[in-house]
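Trainee: I would like a close look at one part of this model rather than a tour of the whole. Could you take me through it slowly, with the cut-offs stated as you go?

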Amino acid sequence: MGAIVYTDIARDGMLGGVNLAATAAVVAATDVPVIASGGVGSLDDIRGCKRIGCGGVIVGRAYYEGKIDLSESLEIARK
């Protein structure tokens, strides 16, 4: 089984937060796992993506800039 990577390119690399409304619409429109990308800047973004049913999150710049701790991110994902 594959997955869809949904990236809000207007937010990509900006660390300003995931477009949860648009991502939730994609999640609701398919039974294929959706991986959120674009704008992730905090652990709250990961929590929000999990809450709307994302199959994963690409943290990219937030990780490289030390805004997100990988072990905490994985702990949230496992809950």
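What is the relative accessible area of D44, and does that make the residue buried or exposed?

Mentor: This is a predicted model, in which local features need pLDDT of at least 70 and side-chain atom pairs pLDDT 80 or more, while totals for chains, interfaces and linings use all residues. Residues are numbered from 1 along each chain as its sequence is written, and side-chain values use heavy atoms, without hydrogens or water.

D44 has a relative accessible area of 54% and is therefore exposed (over 50%; buried is under 20%, partly exposed in between, with a 1.4 Å probe and protein chains only). D44 forms a salt bridge with R47, whose closest N and O atoms are 2.8 Å apart (a Lys or Arg side-chain nitrogen within 4 Å of an Asp or Glu carboxyl oxygen). The two residues are three apart in helix α2, so about one helical turn separates D44 from R47 (helices are DSSP runs of H or I with at least four residues, strands of E with at least two, numbered from the N terminus). The general background is that an α-helix has 3.6 residues a turn, so residues three or four places apart point the same way. R47, with 40% relative accessibility, counts as partly exposed.

The backbone of D44 also takes part in the start of the helix, for S42 caps the N-terminal end of α2 with a side-chain oxygen that lies 3.2 Å from the backbone nitrogen of D44. Past the other end, just after α2, G53 takes a positive phi of about 95 degrees.

Turning to the buried residues, helix α2 spans residues 43-51, and those of its residues that count as buried are L43, D45, I46, G48 and C49. Their cover includes helices α1 (20-29) and α4 (70-78), together with strands β2 (34-37) and β3 (56-57).

Within that buried set, D45 deserves separate attention, since this residue of helix α2 is buried yet has no salt bridge. The nearest side chain of opposite charge to D45 belongs to R11, 7.0 Å away (Lys and Arg count as positive, Asp and Glu as negative, with His and chain ends left out). Leaving aside residues up to four places away in sequence, D45 touches G17, V18, G39 and V40 (contact means heavy atoms within 4.5 Å). R11 itself meets D8 in a salt bridge, at 3.5 Å from N to O. Of these partners, D8 counts as buried at 12% relative accessibility, whereas R11 is partly exposed at 31%.

The structure holds three salt bridges, and besides D44 with R47 and D8 with R11 there is one between E65 and R61, where the closest N and O atoms are 2.6 Å apart. E65 is partly exposed at 42% relative accessibility, and R61 is likewise partly exposed at 43%.

From α1, V27 is worth following back to the end of α2. V27 counts as buried at 16% relative accessibility, and its contacts, again without residues up to four places away in sequence, are V34, I52, G53 and C54; the glycine among them is the one with positive phi just after α2.

Ahead of α1, in the loop that joins β1 (4-7) to that helix, sits L15. Phi of L15 is near 60 degrees, a positive value in a residue other than glycine, and L15 is partly exposed, with a relative accessible area of 21%.

Conventions. Polar contact = N/O pair within 3.5 Å; in protein donor to acceptor, adjacent residues only side chain to side chain.
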